[in-house]
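Here's a walk through one protein model, from the overall build down to a few individual residues. Keep the structure open beside you as you read.

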Amino acid sequence: GILVQPLDFECTEAGDPAARPSMGVTCTKCQGCCAGCSGCRMCKNEPPEQVWLSNSQEEIARQLPKIGWYAAHSVTADTTWCRDPLVPAASAGHTMSVTGASDGQDPPGIAAEVEGLQAKVQALFAGYADSVPFLSAEQLPELMKPEGDWSGLAPYILARVKACNALGGPRMQVVPWKALEVLGHLPQYPDPEDSRFILDAERLLEEWVARQDEQGRVGGRIICFSFFSHRWERPSMDPTLAHPDDAEHKKAKALTTYGRLGTCSIFSPTWTFEYFFWIDYAGVNQWNPREKALAITMLSAWVSACVEIIMYNSSTADYEPRAWTRVERMLGFTYCISPSSSTWTTTTPTRPLTSTLRPRSTRAPSASTRAPAL
């Protein structure tokens, strides 16, 4: 499903009900309209601010099995779509309010809740201070071998995800590469249909641990959570206009290719990986100021549950000048499980990655010495 601005169309008197099953177009005011319409007979003089174009239920039912057993762990979008965050949630379904406008002020209590969550995140990292990393410099040579034991990685990530979720903020959510292949675009939370392709990280990992073989593989691959750091292609303070990808969905295509190849610059060709991505568009409710504020507070904790950070330097949205992406890179270097990272350009990836990086020291790398993967 996508959000589009209303087009300059008007309904015919009878409308075109036959077009609805395939197009899924519904007027947000009268709940029944023809394809491409910005307002029906009852409300065309006051058209809605946006028209919701959703995939048909039949299409969702056809596509969802393509992501396999992951579908059983999709999230439920329990937040009402609402342009004005102060409008109460609807009693049923997922609707979009087009009445009123937010004055940009946070509802009462958010600042205090954020402050309390910040203290919990700080305590979480204090507890990690003496923990033994899974991907240490000492372990890398052993894990590169065909007989390497990866069985502890999924439980290690799971423990971190559980610790994040126990803080009381938004739960961690990830997107499997297979979902991007099926959808062809980055899914948005809490879009009720896109949310079927966004997974609850904790429940996913619990089943992965139950399914993995003695070396940690499921379907011949090792699990990997990747934190996707990028600059939005179409930024806007209006969430109906903002979008992280371009019209050609180049980021979704790049992540799909990376996931399909399953390779890694350190461990391939010996090992291949099943990639799940933390993406802000799918992991943060951009429509709800409370959830968004709490999610920002949780960011460093979520990074610590990811194996690597992917830094996407788009040719049309330069990564470097933005302070926010620099902060994400710093968080990735400091807290990600792996002592390496990936830097992409618009043309990355186009071929399988093979091992070109070897540990040169038995000393665990510090945050200041972590270098991008070659």
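## The big picture

Of the 374 residues in this protein, 51% are buried. Bear in mind that this is a predicted model. The secondary structure comes to eleven helices and eleven strands. Sequence-distant pairings are well represented: among contacts with a separation of 6 or more, 75% link residues 24 or more positions apart.

## Inside the core

In soluble globular proteins, nonpolar side chains tend to be buried together. Here the largest nonpolar core has 92 residues, and the members that touch the most others are W150, M172, F225 and F267.

Take F225 as a way in. Once residues up to four places away in sequence are set aside, F225 touches I157, V161, M172, V174, A201, L204, L205, F276, A305, C306, V307 and E308. So that list includes another of the best-connected core members, M172.

Next up is Y275, which sits in strand β8 (residues 273-278). Is Y275 buried or exposed? With a relative accessible area of 1%, Y275 is buried, since anything under 20% counts as such. Skipping neighbours within four places in sequence, Y275 is in contact with V175, P176, W177, C224, S226, Y258, G259, G262, T263, C264 and E308. Y275 and V174 make a nice example of the chain coming back on itself: they are 101 residues apart in sequence, yet their C-alpha atoms are 9.7 Å apart. Note that E308 turns up for F225 and for Y275.

## Two helices side by side

Now look at helix α3 (residues 110-128) and helix α10 (residues 289-304), whose axes come within 10 Å and cross at roughly 5°. That angle is under 35 degrees, so α3 and α10 are roughly parallel to each other. On the α3 side, the residues that meet α10 are I110, E113, V114, L117, Q118, V121, L124, F125 and Y128. Facing them from α10 are P289, R290, A293, L294, T297, M298, S300, A301 and S304. What is the make-up of this contact? The residues divide into twelve nonpolar, four polar and two charged.

## Cysteines without partners

How many disulfides does a search of the whole structure find? Zero. Two cysteines show how the sulfurs are placed:

| Cysteine | Closest cysteine sulfur | Sulfur distance | Relative accessibility |
|---|---|---|---|
| C164 | C306 | 8.8 Å | 0% |
| C264 | C224 | 7.3 Å | 13% |

A disulfide needs the two sulfurs within 2.5 Å, so the 8.8 Å from C164 to C306 is too far for a bond. C264 is in no disulfide either. C164 counts as buried, and C264 does too. Both C224 and C264 appear among the contacts of Y275, while C306 is one of those of F225.

## Backbone oddities in the loops

A few loop positions are worth a click. The peptide bond from Y189 to P190 is cis, with omega near 10°, and P190 is found in the loop between α6 (177-183) and β5 (199-200). There's also a cis bond from S268 to P269, again with omega near 10°. P269 lies in the loop between α8 (250-261) and β8, the strand that holds Y275.

Finally, H249 has a phi near 60°, a positive value in a residue other than glycine. H249 lies in the loop between β7 (221-230) and α8. With a relative accessible area of 24%, H249 is partly exposed.

Key
Residues numbered from 1 in each chain as written. Predicted model: local features only at pLDDT ≥ 70, side-chain atom pairs only at ≥ 80, totals over all residues. Heavy atoms only, no water. Axes fitted to C-alpha atoms, helices over the stretch in contact; angles between N-to-C directions. Helix = DSSP H or I, 4+ residues; strand = E, 2+ residues; numbered from the N terminus. Parallel < 35°, antiparallel > 145°, perpendicular 65-115°, else oblique. Contact = heavy atoms within 4.5 Å. Nonpolar A, V, L, I, M, F, W, Y, C, P; charged D, E, K, R; others polar. Buried < 20%, exposed > 50% of the residue type's maximum accessible area, 1.4 Å probe, protein only. Core = buried A, V, L, I, M, F, W, Y, C linked by side-chain atoms within 4.5 Å.
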